[in-house]
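The following exchange asks why certain labels apply to residues in a structure. Each reply sets a value against a criterion and draws the conclusion.

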Amino acid sequence: MHTPKPIIIGHRGAAGEAPENTLASFALALSQGAQAIELDVHITKDGEIVVCHDGTLDRTTNGSGLICNQQWADIQKLDAGAWFSEKFRGERIPLLSEVFDIVPKGTLINVEVKHAYEGRMESALLAFLRETDDRYEDVVVSSFDHKVIQRLKRAEPALKVGLLYAANLIDHAAYAKLLEVEVYSLHPHHHSFEREDIALAASDGLAVYPYTVNELTDYQRMIESGVTGIITDFPGRLKAFLNI
Ligand code: G3P
Ligand code: MG
């Protein structure tokens, strides 16, 4: 049976080769052939959606403290590139809207919600997506918080949503049905499923995007499992491996 090649999803852009979740990282991922990008979002004190993995600024910028306690005007001044390499000094934490501006229409954007912020993230994200409603097809929102996913889908049925998880569930596809809303994709840890789980998910019409796959032997394992896409820190490496 012919299995289509999985799509290349750049994790935090091309996080293996550029400072994660910066415009430079997303641009690099796209230039290397990523057909989708994954990014993480948090919300500032004044309600701006910013792209950063951690809820704090310490690891990836020259700032410190919680993002949700600080204003966008201050966060925007921080350097988010020099920690990775001097070459990237001057990169900033981007707004979600700035990432949308550089990603061509038709390229999938996987927005990972890290925290609900007592519902503030959901309201801000839905408001943002409604303002940019010609991008709905391009967006899939995922989270480890499946209640956030369920609430988002109930509030906006046009939104594609995905479940992130690390447990090897007894029945991955059946779990998705428990949410009682249409789930678009499963995002399991790449070590936490068997081949049969992918087949069952596919027969339920679910896309499967495992994270975060960086080694060639793991790429091969994912391809043989029949996954729909692969989330990787090295989009160029995966493209070469897929020979596309
Ligand atoms: O969305 C896949 C992956 O990013 C989930 O884990 O911690 O890298 O955001 P993390
Ligand atoms: Mg993530």
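The questions and answers below concern this model, which is a predicted one.

Q: Why is the pair of aspartate 40 and arginine 12 called a salt bridge?
A: The criterion asks for a side-chain nitrogen of Lys or Arg within 4 Å of a carboxyl oxygen of Asp or Glu. The closest N and O atoms of aspartate 40 and arginine 12 are 3.8 Å apart, so the pair qualifies. By this rule the model has 15 salt bridges.

Q: What makes the pair of aspartate 40 and arginine 12 a link between distant parts of the chain?
A: Aspartate 40 belongs to strand 2 (residues 36–43), while arginine 12 sits in the loop between strand 1 (7–11) and helix 1 (23–31). The two residues are 28 residues apart.

Q: Are aspartate 40 and arginine 12 buried or exposed, and how do you know?
A: Buried means under 20% relative accessible area. Aspartate 40 has 0% relative accessibility and therefore counts as buried. Arginine 12, with a relative accessible area of 14%, is buried as well.

Q: Which residues are linked with Arg12 and Asp40 in a network of salt bridges?
A: The network consists of Arg12, Glu20, Asp40, Asp54, Arg59, Glu112 and Lys114.

Q: What makes Glu38, Asp40 and Glu112 the protein donors of the magnesium ion (ligand 2)?
A: A donor atom must be N, O or S and lie within 2.8 Å of this metal. Glu38 (OE), Asp40 (OD) and Glu112 (OE) lie 1.9 to 2.1 Å from the magnesium ion, so they meet the limit. Along the chain, the donors follow the spacing E-x1-D-x71-E. Aspartate 40 is in strand 2 and glutamate 112 in strand 4 (residues 108–113), so the pair ties together parts that are 72 residues apart in sequence. Glutamate 112 has 5% relative accessibility and counts as buried.

Q: How do you know whether lysine 77 and aspartate 74 form a salt bridge, and are they buried or exposed?
A: Their closest N and O atoms are 3.7 Å apart, and the limit is 4 Å, so lysine 77 and aspartate 74 form a salt bridge. Exposed means over 50% relative accessible area, and partly exposed lies between that value and 20%. Lysine 77, at 66%, is therefore exposed, whereas aspartate 74, at 40%, is partly exposed.

Q: Why are arginine 135 and aspartate 138 called buried?
A: The limit is under 20%. Arginine 135 has a relative accessible area of 10% and is therefore buried; aspartate 138, at 8%, is also buried. These two residues form a salt bridge with closest N and O atoms 3.1 Å apart.

Q: What puts the buried residues of helix 8 on the same side of that helix?
A: The buried residues of helix 8 (residues 216–225) are Asp218, Tyr219, Met222 and Ser225. They cover an arc of only 125 degrees around the axis, and therefore lie on the same side of helix 8. These residues pack against helix 7 (195–203), strand 9 (229–232) and helix 9 (235–242). Glycine 226 follows helix 8 and has a positive phi, near 85 degrees.

Q: Why is the side-chain pair of aspartate 218 and arginine 221 called a polar contact?
A: A polar contact requires a pair of N or O atoms within 3.5 Å. The side chains of aspartate 218 and arginine 221 make such a contact at 3.0 Å. Aspartate 218 lies in helix 8, and its 14% relative accessibility makes it buried. Leaving aside neighbours within four places in sequence, aspartate 218 is in contact with His190, His191 and Val213.

Q: Why does aspartate 197 have no salt bridge?
A: The nearest side chain of opposite charge to aspartate 197 is arginine 221, 10 Å away. A salt bridge requires N and O atoms within 4 Å, so aspartate 197 has none, although it is buried. Aspartate 197 lies in helix 7 and touches Asn168 and His172, not counting residues up to four places away in sequence.

Q: Why is lysine 5 called partly exposed?
A: Partly exposed runs between the 20% and 50% limits. Lysine 5, in the segment before strand 1, has 47% relative accessibility and therefore counts as partly exposed. The side chain of lysine 5 reaches the backbone oxygen of leucine 242 at 2.6 Å.

Terms used
Residues are numbered from 1 along each chain as its sequence is written. Chains are lettered from A and ligands numbered from 1 in the order in which they are written. This is a predicted model: local features need pLDDT of at least 70, side-chain atom pairs count only at pLDDT 80 or more; totals for chains, interfaces and linings use all residues. Side-chain values use heavy atoms; hydrogens and water are left out. Helices (H or I, at least four residues) and strands (E, at least two) are DSSP runs, numbered from the N terminus. Buried means under 20% relative accessible area, exposed over 50%, partly exposed in between (1.4 Å probe, protein chains only). Donors are N, O and S atoms within 2.8 Å of the metal (3.2 Å for Na, K and Ca); water is not among the atoms, so sites may look incomplete. The arc is that of the directions from the helix axis to the C-beta atoms. Contact means heavy atoms within 4.5 Å. Lys and Arg count as positive and Asp and Glu as negative; His and the chain ends are not counted. A polar contact is a pair of N or O atoms within 3.5 Å; within protein, one must be able to donate a hydrogen and the other to accept it, and residues adjacent in sequence count only if both atoms are side-chain atoms.
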